[in-house]
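Open the model in your viewer and keep the selection box handy. We will go from stop to stop, and at each one you will hear what to select and what is there.

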Amino acid sequence: MTGDPAMKSTPATTGDPATTGELKPAGPGRRHLVVMGVTSCGKSTVGAAIADRLGAEFLDGDSLHPQSNIDKMASGTPLDDDDRAPWLAEIGRRFAASDSGLVIACSALKRSYRDIIRSGDSSVVFVHLHGTRELLSSRMAARPGHFMPLSLLDSQLETLEELQTDEASVVVDIARPVNQIVDDTVAALDGLQDGATRFLVDLKAAPFNLDDAAIAWVESTIGSMSDEEKIGQLFINHNNDYSPEYLDGVLEQYHVGGMRYRPGPSAEVQEHIRYAQSKTRVPLLIASNPEMGGAGSCDDGTFVSTHLQAGSHPDKGIARQMGRVAGVETAALGCNWAFAPIVDIHYNWRNTVISTRAFGNTPEIVVERAKEYFDGISESPTVCAMKHFPGDGLDERDQHVVTSYNTFGYEQWNQTYGHVYREMIGHGVQSIMVGHIGAPDLSRHFRPGLAAQDILPATLAPELLQDLLRGELGFNGLILTDASQMIGLTQAMKRSELVPATIAAGCDMFLFFRNPAEDFGYMLDGYKSGIITEARLNDALRRILALKASLGLHLKSREALVPPAEALARIGSEAHLAIAAEVADKTVTLVKDTAQNLPITPQTHKRIRLYGISGGADFTMADPLAYLDVVAGELERAGFEVHLFKTAAQRKAAGEEGVNFMSVISEEATGDYADKYDAAFVFANVKGFAQEAAIRIKWSTPMAAEIPWYTTEVPTVFVSLNQPNHLIDVPMVKTAIHAHAGTPAAIRAAIEKIQGKSEFQGTFNENVFCDSFDTRL
């Protein structure tokens, strides 16, 4: 039987009825329903209750059996398909003859049986009453006198075929009270045409696992909200201002359900969150981006490792340590929602948006390390949002600046990204962030014939959110969009259309306003116009509030939602810094040393020419070459004599006149280079985010003097402090090291290993060689 106890409904058609010839489900006044399932699931009781609610006629399908079938079942002999065919045809005929509402209870266990019924009336919707074997057998045992013996339950369970995505259907858990089954079934029927209420939330099931009291809080809170408050819950605000006045405006005008903030000093962040929670009527989800530990959530958080770094050593516990530190430090701030782990798979070395943010290039390493991260962060009162469904890492482009695509076919996707999502859903992840990433083959699997221009990013694609994520993957948790300012989303349609379209398609929360008043108005208008149905809105609200209730936010006083200031001592603690140093030492990786240049020590190579490479200043406005001071200091501490190269632009900025790139080349590339320097070290910290489709080294000038022409002159060591793909641009270097981070701990560990003071322990995957033979030389 079906493995998803959540409510499900599926449209009768997957295309335009005008072109496919298929019929839409019947309207409310002429609903034709089959309440189906194995014996003792409650077909008659629930069917009659649904019919009563709809004002429809109810028939028990068993009453339509010929006497020969009844006698055969009473003797303990299962019916065969020849026996059932005229019975099923009669049910279809009853629907076809009815111009009003009609509900019939019928087991309808096989797809072929349901097709016979549909041949009489294609508008029939099947309501499947799902239950565990234990529950069903206990109900059978309590029903003496029924003509089907208990011994035939297993036969029916074996025969049962799950409803398919092209069958108009609703699936509901029979463990619920009858009135709840009826409420949710009718709500699903109301939303059948919008396609986004096919899988209504089960609040008692994973990942929410709410008790009756928590469910009562969810329902009563929804019941107490105005339309504006309901719409507000769909939004996650990005707080660009720490002032109380700013927060008052956001909370009073837009009633947001969650917030993410601009990182700052931990004390200021915590006070900001404290004020926000004190002013909201419904507790807030407070999100952070702890992809590297505590770093990124506040200025003084601990950088433990990147995702790639956590996947670059045999010790899977590194990912757990990263998650554990992330949980402790973000919880100390008052955060309760982590936009992590990242479960993308880095298949394409040219993709640089997740090159350091993916655990690796295989589904196996991603699953193993993501579970470790999740378990570590879950030790704190934090829920996770894994990202970015349906999966980044194939297209080299960045969804921040253009729609990107996952181009795997259905089978290959299921074996790779699908495997990751199934494993993590089964592991208990509570929410999923959907990327503005299209998946043409996946969309066409569920919508055959879909035109190229109609392939939308997943955030707008119900076939990916509903048929795939909710249906086939069985995800019962909360779905949120990635940041709504990303061009991957905004290029798809007008803002006024896309804002409500994301919720209508199946997302539950919308990440970040572009213009608060406009976006709030677009969402409210979308609800009032019916783009977002009542059933879809209520389902989203249930998931949002259930996530809050699963954290116990509804049980806490406003004062208790944020820890006291003393908790900030956990951020950047000595214990966490020690973990970071240990991880840095474990993960510094020797990618190649084909010329056997190492070790290089002050005794063998005293004079070091030091080059620094960066991607230039980005939106953070941080000095892109600040790390060089740390590098130079560590080298000098080790006993090296450091000679720092400066570009033409740096020399001009320092006031030097008459300098240009040609003069710098002429001065640097002289025949006595090896007389002046014993070795050259190149430290690259190339970063860039959301400003270009892919990142490569950008040299300071044409034919720049820092490009490693000098590998033929002196031993040259290239150290990357971030990206793993630099060998494509510096294949001539014979010694390449990936230190993963520009932190003092990583830089110190790299320099110690260059000297041979400790062993390289890190590992790498084939992406480092960038599919080019010369990078291995």
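Start by selecting Ala287 and Trp337, a residue of strand 10: the two are bridge partners. Strands here, like helices, are DSSP runs numbered from the N terminus (E and at least two residues for a strand, H or I and at least four residues for a helix). Now widen the selection to residues 285-288, strand 9, and residues 337-338, strand 10: two bridges join these parallel strands. Two strands count as paired if DSSP finds at least two bridges between them. You are looking at a predicted model, in which local features need pLDDT of at least 70, side-chain atom pairs count only at pLDDT 80 or more, and totals for chains, interfaces and linings use all residues. Residues are numbered from 1 along each chain as its sequence is written, and side-chain values use heavy atoms, with hydrogens and water left out.

**The parallel sheet**

Zoom out a little. Strands 9 and 10 belong to an open sheet of eight strands, with parallel pairing and the order 15-13-11-10-9-8-7-16. Which strands are at the edges? Select 478-481 for strand 15 and 510-511 for strand 16: each of these edge strands pairs on one side only. Next, select residues 266-279 to see helix 12, which packs on the sheet and touches strand 7 (235-239), strand 8 (258-261) and strand 9. Touching, or contact, means heavy atoms within 4.5 Å. The direction of helix 12 makes about 160 degrees with that of strand 8. Such angles run from 0 to 180 degrees between N-to-C directions, using lines fitted to C-alpha atoms, for helices over the stretch in contact.

**Strand 11**

Go back to strand 10 and step to its other partner: strand 10 and strand 11 pair in the parallel sense over two bridges. Select Ala338 and you will find Cys384 of strand 11 opposite. Is strand 11 buried or exposed? Seven of its seven residues are buried, so strand 11 is largely enclosed by the rest of the structure. Buried means under 20% relative accessible area, exposed over 50%, and partly exposed in between (1.4 Å probe, protein chains only).

**Helix 17**

Select residues 417-427 for helix 17, then highlight its buried residues Tyr417, Gly418, Val420, Tyr421, Met424 and Ile425. Look down the axis of helix 17: the buried residues fall within an arc of 155 degrees, so they line one face of the helix. The arc is that of the directions from the helix axis to the C-beta atoms. These buried residues pack against several elements, including strand 11 (383-389), helix 16 (410-415) and helix 19 (462-472). Just after helix 17, click Gly428, which has a positive phi of about 110 degrees.

**A pair of helices**

Select helix 14 (residues 317-333) together with helix 15: they pack at an angle of about 30 degrees, with their axes 6 Å apart. Among the residues making the contact are Ala319, Met322 and Gly323 of helix 14 and Arg369, Tyr373 and Ile377 of helix 15.

Now click Ser380, in the loop between helix 15 and strand 11. Ser380 counts as buried, at 11% relative accessibility. Leaving out residues up to four places away in sequence, Ser380 touches Gly327, Val328 and Ala331.

**A residue from far along the chain**

Select Asn767, in the segment after helix 29 (744-754). Asn767 is buried, with a relative accessible area of 11%. Add Gly360 to the view: Asn767 and Gly360 are 407 residues apart in sequence and 9.2 Å apart in space, C-alpha to C-alpha. Not counting residues up to four places away in sequence, Asn767 touches His346, Tyr347, Trp349 and Asn361.

**The mixed sheet**

For the last stop, find the open sheet of six strands in the order 17-22-21-20-18-19, where the pairing is mixed. Strand 17 (589-593) and strand 19 (641-644) stand at the edges with a single partner strand each, so one side of each is left without a neighbour in the sheet. Strand 18 (residues 607-614) pairs with strand 19 in the parallel sense over four bridges. Click Arg607 and look for Glu641 of strand 19, its bridge partner. Finish with helix 25 (residues 627-638), which packs on this sheet and touches strand 18, strand 19 and strand 20 (679-685).
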